[in-house]
Amino acid sequence: MTITITAFERSPDGGKGLARDTRVRWALEEVGQPYEVRPVSFGAMKQPAHLALHPFGQIPTYEEGDLALFETGSIVLHIAEHHAGLLPDDPNARARAITWMFAALSTVEPPILELTNANLLEGDKPWAAQRMPLVEDRIRDRLGRLSARLGDADWLDGAFSAGDLMMVSVLLRIKSSGLLDEYPNLSAYVARGEARPAYKRAFAAQLAFNTRKPPTG
Ligand SMILES: N[C@@H](CCC(=O)N[C@@H](CS)C(=O)NCC(=O)O)C(=O)O
């Protein structure tokens, strides 16, 4: 059955891989599943056809036969549960890997998104500069604890899993901020994720997609 995901018609980051379709592409590459990508414009994202797939009018979505999913956590978990390669077989290890997916999305990503919002949406406010250290410190609190837990391990809990895929995807959002550099083991962890052949294929695919020429004629 064909898998189709949606992505920004043109990602605002121009192909830096920060739009969330990249994590879904990465998961599909890890498990060796081919997929198609349907571009969605910002206008179309809020129209009934797309809202039927994604109630909040966002990307990515995932369609496979009569199944339609939204939310990258749910999509990556679905992929990981149906194909070998992203979750361990041992039930406890599997539950811990899923726990790291939740930790990435609900504990680490929120303060990181605050930084994105502070830069993109609030940068011109008179209080923006004053607030920035607070926003960055909330991220440092999470990074410090994550760094302590990771220690000198390669991955968060044994072999690479969907938990690492999600955590690395979230941490990549602050790569350009310099905050990650304060935690050398986290920088190395993210670099290990980026070095995976499946990540490289996913990154290249989203870059080609976001830099493709518009159709002529
Ligand atoms: N929690 C959602 C977040 C989805 C999300 O924020 N998508 C962004 C692109 S990365 C989007 O569609 N932004 C446009 C908008 O919200 O209008 C997930 O993980 O899938």
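This report walks through a pocket, a buried serine and the nonpolar cores of one structure. Keep in mind that the model is predicted.

**The largest pocket**

Let's start with the empty space. The largest pocket has a volume of about 940 Å³. Of the 31 residues that line it, Leu18, Arg20, Leu113, Thr116 and Arg173 are the closest to its centre. Helices α2 (42-45) and α5 (91-120) each supply at least two residues of the lining, and α5 gives the most, with 9 residues. The table sorts the lining of the largest pocket by class.

| Class in the lining | Number |
|---|---|
| Nonpolar | 14 residues |
| Polar | 10 residues |
| Charged | 7 residues |

**A buried serine**

Now look at Ser11, in the loop between β1 (3-8) and α1 (21-30). Is Ser11 buried or exposed? Ser11 counts as buried because its relative accessible area is 9%, and the cut-off for buried is under 20%. The side chains of Ser11 and Asp13 are joined by a polar contact of 2.8 Å. Leaving aside residues up to four places away in sequence, Ser11 touches Ala19 and Asn210.

**The nonpolar cores**

In soluble globular proteins, nonpolar side chains tend to be buried together. Here, the largest nonpolar core has 54 residues, and Met167 and Leu171 have the most contacts inside it. The largest share of this core, 10 residues, comes from α5. Not counting residues up to four places away in sequence, the residues that Leu171 touches include Val108, Ile112 and Tyr189. Apart from the largest core lies another one of 5 residues, among them Phe8, Ala19, Val40 and Met45. You met Ala19 earlier, as a residue that Ser11 touches.

Key. Residues numbered from 1 in each chain as written. Predicted model: local features only at pLDDT ≥ 70, side-chain atom pairs only at ≥ 80, totals over all residues. Heavy atoms only, no water. 1 Å grid on protein atoms, 1.4 Å probe; cavity = no way out; pocket = protein on both sides within 12 Å on 5 of 7 lines; lining within 4 Å. Points joined across faces, edges and corners; volume = space filled by probe spheres on them. Helix = DSSP H or I, 4+ residues; strand = E, 2+ residues; numbered from the N terminus. Nonpolar A, V, L, I, M, F, W, Y, C, P; charged D, E, K, R; others polar. Buried < 20%, exposed > 50% of the residue type's maximum accessible area, 1.4 Å probe, protein only. Polar contact = N/O pair within 3.5 Å; in protein donor to acceptor, adjacent residues only side chain to side chain. Contact = heavy atoms within 4.5 Å. Core = buried A, V, L, I, M, F, W, Y, C linked by side-chain atoms within 4.5 Å.
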